[in-house]
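Colleague: Thanks for making time today. Could you take me through this model and explain the reasoning behind each label?

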Amino acid sequence: MDHEELKHWSKRAADWTAEYHRGLRDHPVRAKVEPGAIATELPQSPPEYPDSPATIWEDFCRIVPKGITHWQHPRFFAYFPANAAPASMLAEQLANAMSAQAMLWQTSPAATEIEQVMIGWLTQALGLPSERVGVIHDSATTATLSAVLTMREQALDWAGLSRGLSGAPRLRIYASPETHSSVDKAVRLAGIGQDNLVKVPTDAGLSMKPGALAGAIRADRAAGMLPVGVILCAGSTGVGAFDRIADCIAVARAEGLPVHVDAAWAGSAMICPEFRTLWAGIEGADSIVFNPHKWLGVQFDCAVQFLRDPGPQVRTLGLRPSYLETAGREEIINFNEWTVPLGRRFRALKLWFVLRAYGLEGLRTRIRNHVAWAREASEALRALPGLTIVTEPSLSLFSFRLETEEATAALLQRINDDGRIYLTQTRHQGEFVIRVQVGQFDCTRADVQMIPAVVADLMREI
């Protein structure tokens, strides 16, 4: 394929894309294939000679769509969405065409400088202090790992980078049981160890108890261990729990510990001023992560980390051999020094396109609708006999169950086999519950009302 052929097939792909999105409601949300079915349709060895673009295209159309769970389906209510607004898709097409490696300012000046400006726009949009700076990662997992590595090195006065952790004190990090598994992964990969992630008890509202946090830190210090940081939750993945951000940050400050806040999903909602009470005190955090790809229409992957002071993270993650120097520009920002990977995609372009194409008010309207429609759906479900709302809506996330775990699991299986909607499960306080999250970019009120309609229909069969 050359560039002239690419022009032809790109037009075909654009037409296919429009038809794909137009017809999504006619397809089951989740792929209806058995494990291994797609692999059996592919040759087991690579081709020795080229296939024609037409043959490749035909195989794509025949094999791929039937094996995809449709994340852009307007009745995708499982996990959190990975939205792809049309403006974002256009930006990604252009970024892919340029295929810039934005590791340094000099390797892609526009990528670096647009990223800086987009961080400024988002700081204003979320009501954060104007002096905040930030960086775009691939996902919240990487941002949290970056924050944990920085906490570790600050506590060790950066000795871990040179000497390793052998002989170092036992390090401790504090989080609530509601935090995402990416926190567990970060402490494992940072060499701190799962056993040293202290899950601080929560209150009846599933918020970390500030007094329990203070007690755990002091007890660890008395036992000769070294506390290194606190990770707070602003909208947990399971049921949307929020820690008492201001109170817990006050404890961390008193103990001299940095704070990272995971707002991967719920952070997007903070473009609506009326929701900001949920993370009151956020201005005191040292690090915050949120994913525009979850609820702002900016397609995966795009995670934004805000930093009070980038210095410690750059000192932890930065490495500048001679071949990565920019002569005469030693103080210029090179974002690879703020993140784990050296290589970086031009992710800021899709942020720029989306924020301009929809505006903050257009995005606010979508989020407000999702929150209102989720509450409406939860009330319709509450009215069904034998069904209990387990966790009330937190923004647009809630959970429910039937009388037994077996019945609840059977209902979820029927829902997802049925295909009209897609839900997922979690465990809350030991109970198996069905989790509902409304946030797909193009969903309507009618799509959300399908949730109670489908549940009512399928409950009759259990």
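Colleague: How much area does the protein expose, and what share of it do carbon and sulfur atoms supply?

Modeller: The protein exposes about 20700 Å², and carbon and sulfur atoms supply 54% of that. Accessible areas come from the Shrake-Rupley method with a 1.4 Å probe, and for residues only the protein chains shown count as cover. A word on the source: this is a predicted model, in which local features need pLDDT of at least 70 and side-chain atom pairs count only at pLDDT 80 or more, while totals for chains, interfaces and linings use all residues. Residues are numbered from 1 along each chain as its sequence is written, and side-chain values use heavy atoms, with hydrogens and water left out.

Colleague: How many helices and strands are there, and why is the protein called as compact as a globular protein of that length?

Modeller: The protein has 14 helices and eleven strands, taken as DSSP runs (helices H or I, at least four residues; strands E, at least two) numbered from the N terminus. The radius of gyration is 24 Å, close to the 23 Å from the globule rule for 462 residues, so the protein is as compact as a globular protein of that length. That radius is taken over C-alpha atoms, and the rule is 2.2 Å times the number of residues to the power 0.38. The C-alpha trace spans about 60 × 60 × 45 Å along its principal axes.

Colleague: What makes Gln-299 buried?

Modeller: Buried means under 20% relative accessible area, exposed over 50%, and partly exposed in between (1.4 Å probe, protein chains only). Gln-299 has 17% relative accessibility, so Gln-299 counts as buried. By that rule, 51% of the 462 residues are buried. Gln-299 lies in the loop between α10 (292-295) and β7 (303-307).

Colleague: Which residues is Gln-299 in contact with?

Modeller: Contact means heavy atoms within 4.5 Å. Leaving aside neighbours within four places in sequence, the contacts of Gln-299 include Ser-88, Met-89, Glu-92 and Lys-350. A polar atom of the Gln-299 side chain lies 3.2 Å from the backbone nitrogen of Met-89.

Colleague: Why is the pair Asp-447 and Arg-75 called a salt bridge?

Modeller: The term requires a side-chain nitrogen of Lys or Arg within 4 Å of a carboxyl oxygen of Asp or Glu. The closest N and O atoms of Asp-447 and Arg-75 are 3.5 Å apart, and the two form a salt bridge. This pair links distant parts of the chain: Asp-447 is in helix α14 (residues 445-459) and Arg-75 in the loop between α2 (53-63) and α3, 372 residues apart. Asp-447 counts as buried at 3% relative accessibility, and Arg-75 is buried too, with 10%.

Colleague: How do you know that Glu-274 and Arg-368 form a salt bridge, and are they buried or exposed?

Modeller: The closest N and O atoms of Glu-274 and Arg-368 are 2.7 Å apart, and the pair forms a salt bridge. Glu-274 is partly exposed, with a relative accessible area of 40%, and Arg-368 is partly exposed, with 29%. In total, the rule gives 34 salt bridges. A network of them links Glu-92, Asp-301, Arg-345, Arg-347 and Lys-350.

Colleague: What makes Leu-90, Leu-94 and Met-98 a patch?

Modeller: A patch is made of residues with over 30% relative accessible area and no salt bridge; like charges are joined within 9 Å, and nonpolar side chains (Val, Leu, Ile, Met, Phe, Trp, Tyr) within 5 Å. Leu-90, Leu-94 and Met-98 form a nonpolar patch on the surface, with about 280 Å² of accessible area together. Met-98 is in helix α3 (residues 86-98).

Colleague: Why is Leu-423 called buried, and where is it?

Modeller: Leu-423 has 0% relative accessibility, so Leu-423 counts as buried. Its place is the loop between α13 (405-418) and β10 (424-428). Among the residues in contact with Leu-423 are Phe-77, Phe-400, Leu-412 and Ile-434.

Colleague: Which backbone values should I look at in Tyr-79 and at the bond from Phe-300 to Asp-301?

Modeller: Most residues other than glycine have a negative phi, and most peptide bonds are trans. Tyr-79 has a positive phi of about 50° although it is not a glycine. The peptide bond from Phe-300 to Asp-301 is cis, with omega near 10°.

Notes
Polar contact = N/O pair within 3.5 Å; in protein donor to acceptor, adjacent residues only side chain to side chain.
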